[in-house]
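The text below follows the charged side chains of one model and the pairs they form. Please keep the sequence and the structure open while reading.

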Amino acid sequence: MYTVPQLEDYSPAALDKAVHELLAAARQEADAVAGENEWKVFRDRWMARKNGILTQINDLWLKAAPGPAKREVGARVNQLKTQVEEHVSAAQQRSSGATSIARLESERIDITLPGIARELGAEHPVIKTMNEIVSVFRAMGYSIAEGPEIETDYLNFEALNFPPNHPARDTQDTIFIAGQEKKKQRDRLLLRTHTSPVQIRAMLNQPPPIRVVAPGKVHRADTADATHSPIFHQVEGLAVDTNITFCDLKGTLDHAMKSLFGSDVKTRFYPSFFPFTEPSADVQITCFKCGGKGCRLCKMSGWIELLGCGMIDPNVFKSVESNGYDARKISGFAFGMGVERITMLKYGIDDIQLFYQGDVRFLQQFT
Ligand SMILES: [Zn+2]
């Protein structure tokens with residue numbers, strides 16, 4: 001590395017040689033500069049006021065020169081300063097250029113790479129069907145009522161005319177909340193086995209007339225298989241007013257089934273039993289796959305059973321009598337349907353478990 005020599009010979013030839021060596025060293029060091037940090041080191045080595053090479057030249061060459069040579073030395077030192085400064089600034093330009101090129105290189109983005117695709121979400125088929133059912137009834141003037149999934153024994157059973165120990169309770173395998181042995185039976189909490197307690201809640205909230213649909217999740221202690229799940233969804237409906245008859249019920253559900261499955265379907269009402277309705281009926285529609293001729297879907301009968309319904313049992317009104325539900329003055333009907341069952345029939349799905357497994361390949365078919 002270049003160091004500033006002491007001058008002994010102040011002849012022009014000797015001065016030229018010393019200047020030439022110094023400039024060659026400056027040029028070489030300037031060429032070697034790569035990057036901003038190296039440039040700063042280079043600048044300080046040559047131009048620092050304290051002990052930089054230019055300062056050393058001033059001391060070692062100019063101040064030390066004998067009187068007659070001072071003029072000659074002074075002129076060359078000034079020239080040297082200008083030239084060294086030029087090397088320093090040229091090196092700065094080159095090195096900062098190199099730095100920014102290096103930075104551009106490191107920050108380079110390959111715009112030809114495929115981006116991260118964010119796929120569109122879609123309604124789950126069960127929610128989609130539930131919304132379809134609800135919107136059919138909303139169009140008929142029904143409002144939506146909701147209730148909690150943890151319900152009292154009273155609202156889930158007793159108020160709906162399932163007295164304690166009534167055998168009808170056995171048809172709904174119930175999941176009870178643990179540790180409530182000390183409570184009265186009517187206050188014990190359970191996971192609601194149907195959306196029907198929302199009927200009672202709605203009637204307690206609002207005097208007649210009332211028309212509500214109650215969509216929601218229900219729970220039963222069923223073992224999961226192709227047609228059973230411990231959790232499933234129902235849509236419950238309730239209409240109470242003066243002079244509501246079974247004809248209103250038939251007309252309402254016939255219209256709803258045509259809206260959901262197409263105007264070609266026919267409905268029929270089959271006698272059935274539910275504790276909270278009297279008379280009760282199962283609603284069947286003509287098979288929308290074969291049109292009633294008979295196929296595998298309808299087990300060759302031409303009919304598919306879809307929901308339960310009936311005229312509200314006067315016993316049910318007793319529990320809400322204080323809110324204006326006097327069974328001698330008003331009447332009403334109720335219906336309830338399983339959303340999964342309807343979705344499975346609509347889309348030809350043969351295993352209820354597919355709804356809950358979250359397999360995207362299954363769900364994508366409904367987007
Ligand atoms: Zn059929």
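D59 has a relative accessibility of 38% and counts as partly exposed. In this predicted model, D59 forms a salt bridge with K63, and the closest N and O atoms of the two are 3.4 Å apart. Both residues belong to helix α3, which covers residues 53–63, and because they are four residues apart there, about one helical turn separates D59 from K63. K63 has a relative accessible area of 60% and is exposed, since that value lies over the 50% cut-off.

A second pair joins two helices. K346 forms a salt bridge with E132, with 2.6 Å between the closest N and O atoms. K346 is part of helix α10 (residues 339–347) and E132 is part of helix α5 (residues 125–138), so this salt bridge ties together parts that are 214 residues apart in sequence. K346 is partly exposed at 29% relative accessibility, and E132 is also partly exposed, with a relative accessible area of 24%.

Next comes a pair of sequence neighbours, R43 and D44. Their salt bridge has its closest N and O atoms 3.1 Å apart. R43 has a relative accessible area of 29% and D44 one of 39%; each is partly exposed because its value falls between the 20% and 50% limits.

Salt bridges can also share residues. D16, E72 and R76 are linked in a network of such contacts. Over the whole structure, the search finds 14 salt bridges, among them the pairs D59 with K63, K346 with E132 and R43 with D44.

Conventions:
Residues numbered from 1 in each chain as written. Predicted model: local features only at pLDDT ≥ 70, side-chain atom pairs only at ≥ 80, totals over all residues. Heavy atoms only, no water. Salt bridge = Lys/Arg side-chain N within 4 Å of Asp/Glu carboxyl O. Buried < 20%, exposed > 50% of the residue type's maximum accessible area, 1.4 Å probe, protein only.
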